[in-house]
Amino acid sequence: MRPRVLVTGACGPAGKAIAAQLKARGIPVFGTDIRELPDGAGFTVLPVPHATDAERVSTLRRLVSQEGINLVIPTVSEELPQLAAFRAAFGADVRVMIGDPGPVALAHDKLFTAWQLHAAGVPVPRFGVPSDFADADAAMAALGGPVVVTPRASRGGRGVTVVDGGTEMDWQRLPDSHIVQEFIPGNEYRPMVFGTPAHNGAAPFVVVVAKVGPADRILGNAVTTRRAEAGEAIDVGNVAMAAVRALGLTGPVEVDVRRRADGTPVVLTVNARFGSNSGLAPELLDAVLASFILPSFNPASFRHCMGPFADAMG
């Protein structure tokens with residue numbers, strides 16, 4: 001069966017990256033977005049409600065049926081929990097490339113992500129919520145220096161504030177829907193992980209992408225990125241794989257990792273979807289397409305695979 005693909009968030013960086021790879025492979029692709037795609041993109045983008053709208057998933061479901069879609073690749077963070085919860089309702093012949101609802105919900109909330117990874121022994125920044133600390137000075141004293149305050153459900157640099165000795169902030173008005181984390185100053189990476197079921201002989205793998213400066217050291221907005229070379233940043237790939245296993249996620253997952261001053265990699269965030277750098281790791285899309293044609297594909301079986309980590313860089 002030939003895939004007929006719907007990419008959500010097609011006008012965003014992650015959606016554009018996937019759509020471009022599909023087009024290069026000659027695979028029919030439709031997109032959805034709340035924005036209009038500029039002329040010349042070469043594929044159709046259909047309008048949908050905002051990712052937080054209650055009608056978002058039902059609209060996607062109708063589009064899948066109308067357009068004969070059989071593979072859905074979501075790239076919008078805000079839609080992931082609902083899409084995971086309702087993926088079975090898209091039909092037996094439609095694959096929605098997303099993990100189980102529980103793991104996706106954990107990854108969607110930075111506080112629960114930190115709790116889960118910390119309990120599993122995966123290194124994360126020291127953390128708390130605003131009410132854990134009397135004020136900003138108390139937070140910095142407890143967490144060992146400048147701290148990052150960010151909404152628990154945000155992605156990227158949205159709503160991020162770095163608090164140091166010179167920052168003015170009304171700490172008492174900060175809600176516990178935010179997380180307070182130790183600021184990690186070192187080099188940043190975006191490893192991408194994909195898991196495949198153990199019973200078909202394929203192993204999960206990780207591809208490490210390094211951010212190349214000069215970059216915004218707070219938000220991590222690097223000028224460019226590059227794929228790590230063979231043998232480089234193996235420790236980063238290993239913590240990314242450990243994080244995905246600890247959360248129980250399946251399919252494509254993007255992980256944000258930074259190094260402490262001593263070089264130790266720590267996991268900042270986990271996104272249960274393709275990221276904007278997927279073009280540097282085309283084997284992730286290859287894995288999605290390969291899993292699509294396997295009648296026995298069950299992404300949930302990934303969490304039961306206990307084999308050694310497989311690094312696609314090698």
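Of the 314 residues of the protein chain, 53% count as buried in this predicted model. The secondary structure of the chain comes to 8 helices and 17 strands. Contacts also reach far along the sequence: among those between residues at least 6 apart, 64% join residues at least 24 apart.

## The nonpolar cores

In soluble globular proteins, nonpolar side chains tend to be buried together. In this chain, the largest nonpolar core holds 48 residues. Within this core, Phe90, Leu117, Leu249, Val255, Val267 and Val270 touch the most other members. At least two residues of the core are supplied by each of the helices H2 (56–66), H3 (80–86), H4 (101–108), H5 (110–119) and H7 (234–247). Strand S15 (253–259) and strand S16 (265–271) likewise supply at least two residues each. Helix H7 gives the largest share of this core, with 7 residues. There is also a second, separate core of 27 residues, and among its members are Val5, Ile73, Phe274 and Ala281.

## Helix H2 and its two sides

Which residues of H2 are buried? They include Arg56, Val57, Thr59, Leu60, Leu63 and Val64. Seen down the axis of H2, the buried residues fall within an arc of 155°, so they line one face of the helix. The general geometry of helices helps to explain such a pattern. An α-helix has 3.6 residues a turn, so residues three or four places apart point the same way. On the other side of H2, Ser65 and Gln66 are exposed.

What do the buried residues of H2 pack against? Their partners are strand S1 (5–8), strand S2 (29–33), strand S3 (44–47), strand S4 (71–73) and helix H3. After H2 comes Gly68, whose phi is positive, near 65°.

## Selected residues

Three threonines and one alanine may be considered in turn. The table gives the place of each residue and its relative accessible area.

| Residue | Place | Relative accessible area |
|---|---|---|
| Thr32 | strand S2 | 0% |
| Thr52 | loop between S3 and H2 | 61% |
| Thr59 | helix H2 | 14% |
| Ala233 | loop between S14 and H7 | 10% |

Thr32 is buried. Leaving aside its neighbours within four places in sequence, Thr32 is in contact with Leu6, Val7, Thr8, Gly9, Ala10, Val45, Leu46, Val48, Leu60 and Leu63. Two of these partners, Leu60 and Leu63, are also named among the buried residues of H2.

Is Thr59 buried or exposed? With a relative accessible area of 14%, Thr59 is buried, because buried means under 20%. When residues up to four places away in sequence are not counted, Thr59 touches Val48 and Pro49. Thr59 and Pro49 are 10 residues apart along the chain, and their C-alpha atoms are separated by 7.7 Å.

Thr52, by contrast, is exposed, because its relative accessible area of 61% lies over the 50% cut-off. From C-alpha to C-alpha, Thr52 and Ser77 are 10.0 Å apart in space, with their positions 25 residues apart in sequence.

Ala233 is buried and lies in the loop between strand S14 (222–227) and H7. Ala233 has a positive phi of about 55°, although it is not a glycine.

## Two pairs of helices

Helix H1 (residues 13–24) and helix H8 (residues 282–292) pack at an angle of about 70°, with their axes 11 Å apart. H1 and H8 are therefore roughly perpendicular to each other, as angles of 65 to 115 degrees count as roughly perpendicular. The crossing in which H1 passes H8 is right-handed. Which residues meet where H1 and H8 pack together? Ile18, Gln21 and Leu22 in H1 meet Pro282, Leu285 and Leu289 in H8.

The second pair consists of H4 and H5, which pack at an angle of about 105°, with their axes 5 Å apart. This angle makes H4 roughly perpendicular to H5. On the H4 side, Leu106, Ala107 and His108 take part, and they meet Lys110, Phe112, Thr113 and Gln116 in H5. Both H4 and H5 also appear among the elements that each supply at least two residues of the largest nonpolar core.

Note on methods
Residues are numbered from 1 along each chain as its sequence is written. This is a predicted model: local features need pLDDT of at least 70, side-chain atom pairs count only at pLDDT 80 or more; totals for chains, interfaces and linings use all residues. Side-chain values use heavy atoms; hydrogens and water are left out. A nonpolar core is a set of buried Ala, Val, Leu, Ile, Met, Phe, Trp, Tyr and Cys residues joined through side-chain atoms within 4.5 Å. Buried means under 20% relative accessible area, exposed over 50%, partly exposed in between (1.4 Å probe, protein chains only). Helices (H or I, at least four residues) and strands (E, at least two) are DSSP runs, numbered from the N terminus. The arc is that of the directions from the helix axis to the C-beta atoms. Contact means heavy atoms within 4.5 Å. Axes are lines fitted to C-alpha atoms, for helices over the stretch in contact, and angles run from 0 to 180 degrees between N-to-C directions. Angles under 35 degrees count as roughly parallel, over 145 as roughly antiparallel, 65 to 115 as roughly perpendicular and the rest as oblique. A crossing is left-handed if the near helix is turned anticlockwise from the far one by less than a right angle, and right-handed if clockwise.
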